[in-house]
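Here is a short round of questions for a computational chemist. Have a look at the model, and then let's go through how some of its labels are earned.

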Amino acid sequence: MDKKMIYIVEDEENIRELVAYTLQNTGFDARGFVGGRDFFDAVRERAPDLALLDIMLPGDDGLAVLTKLRATPGAEKTPVMLLTARGSEYDKVLGFNTGADDYLTKPFGMMELVARVKNLLRRARDTAGSGEYKLGGLSVSVPRHRVAVFGETVTLTLKEFGLLECLLRNAGVVMTRDGLLSDVWGYDFEGETRTVDTHILTLRAKLGRCGTLIQTVRGVGYKIGDGK
Ligand code: CA
């Protein structure tokens, strides 16, 4: 099977090289670029299977690169993960509006990066982002905002639904409490991570027999499923 090709646009050399090195050691082809110009030269030769774009770049920033990528024939649907400094909610909102598929906040660990890359590639392959999930007796439709356990509809609060959706979107990946807080409550939420535990508790209870699908990973956070 052909290796997946991943492009990284990042002006900081040590991050760029560490990410490329890590991906190459995980079974991917990876190429690093300092800025948008070199990146697009390469995209025109071969569109990548996934692109990691740093937002803060000299010249065109990552969002401008993303916008241009979405208008590049053959690369309109390339999964894109944005990389940026912690706490910039503006970037996050703008990034999703610009068409980013995922978002990783610096500093990030290489294991999390690889897990998210794999997840994004899996999503791109499987459902093309349909937002329909089935796991054991649990079925979730994000567009219809519906959750059913063995066919029985379950009513969740908005935050419970957000948590479940976030876990399913990252199936098989351990999500930290901080990660869940920022994803579901937003970066500006000054909450305690205990808030996450409380909501997981009620979510599990409402999911009944499917509650055990949500696993606690001691000292780290939560995950659902084992991925595929
Ligand atoms: Ca940068």
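Q: Which residue in β12 is the bridge partner of Gln-215?
A: Happy to start there: in this predicted model, Gln-215 has Lys-223 as its bridge partner in β12.

Q: What makes β11 and β12 paired strands?
A: Pairing requires at least two bridges between the strands. Four bridges join β11 to β12 (residues 221-224), so the requirement of at least two is met. The two strands run antiparallel.

Q: Why is one side of β10 and of β11 left without a neighbour in the sheet?
A: The open sheet has three strands, in the order β10-β12-β11, with antiparallel pairing. Because β10 (175-176) and β11 (214-217) stand at the edges, each has a single partner strand. Helix α6 (residues 158-169) lies across β10, β11 and β12, at about 70 degrees to β12.

Q: How do you know that Asp-11, Asp-54 and Met-56 are donors of the calcium ion?
A: For Ca the cut-off is 3.2 Å. The protein donors are Asp-11 (OD), Asp-54 (OD) and Met-56 (O), and they lie 2.1 to 2.3 Å from the ion, so they fall within that limit.

Q: What makes Asp-11 and Met-56 a pair that ties together parts of the chain?
A: Asp-11 lies in the loop between β1 (5-9) and α1 (13-24), while Met-56 lies in the loop between β3 (50-54) and α3 (62-70), so the pair links parts 45 residues apart in sequence.

Q: Why is Met-56 called exposed, and why is Asp-11 called partly exposed?
A: Exposed means over 50% relative accessible area, and partly exposed covers the range from there down to the 20% limit for buried. Met-56 has 60%, so it counts as exposed; Asp-11 has 30%, so it counts as partly exposed.

Key:
Residues are numbered from 1 along each chain as its sequence is written. This is a predicted model: local features need pLDDT of at least 70, side-chain atom pairs count only at pLDDT 80 or more; totals for chains, interfaces and linings use all residues. Side-chain values use heavy atoms; hydrogens and water are left out. Contact means heavy atoms within 4.5 Å. Axes are lines fitted to C-alpha atoms, for helices over the stretch in contact, and angles run from 0 to 180 degrees between N-to-C directions. Donors are N, O and S atoms within 2.8 Å of the metal (3.2 Å for Na, K and Ca); water is not among the atoms, so sites may look incomplete. Buried means under 20% relative accessible area, exposed over 50%, partly exposed in between (1.4 Å probe, protein chains only).
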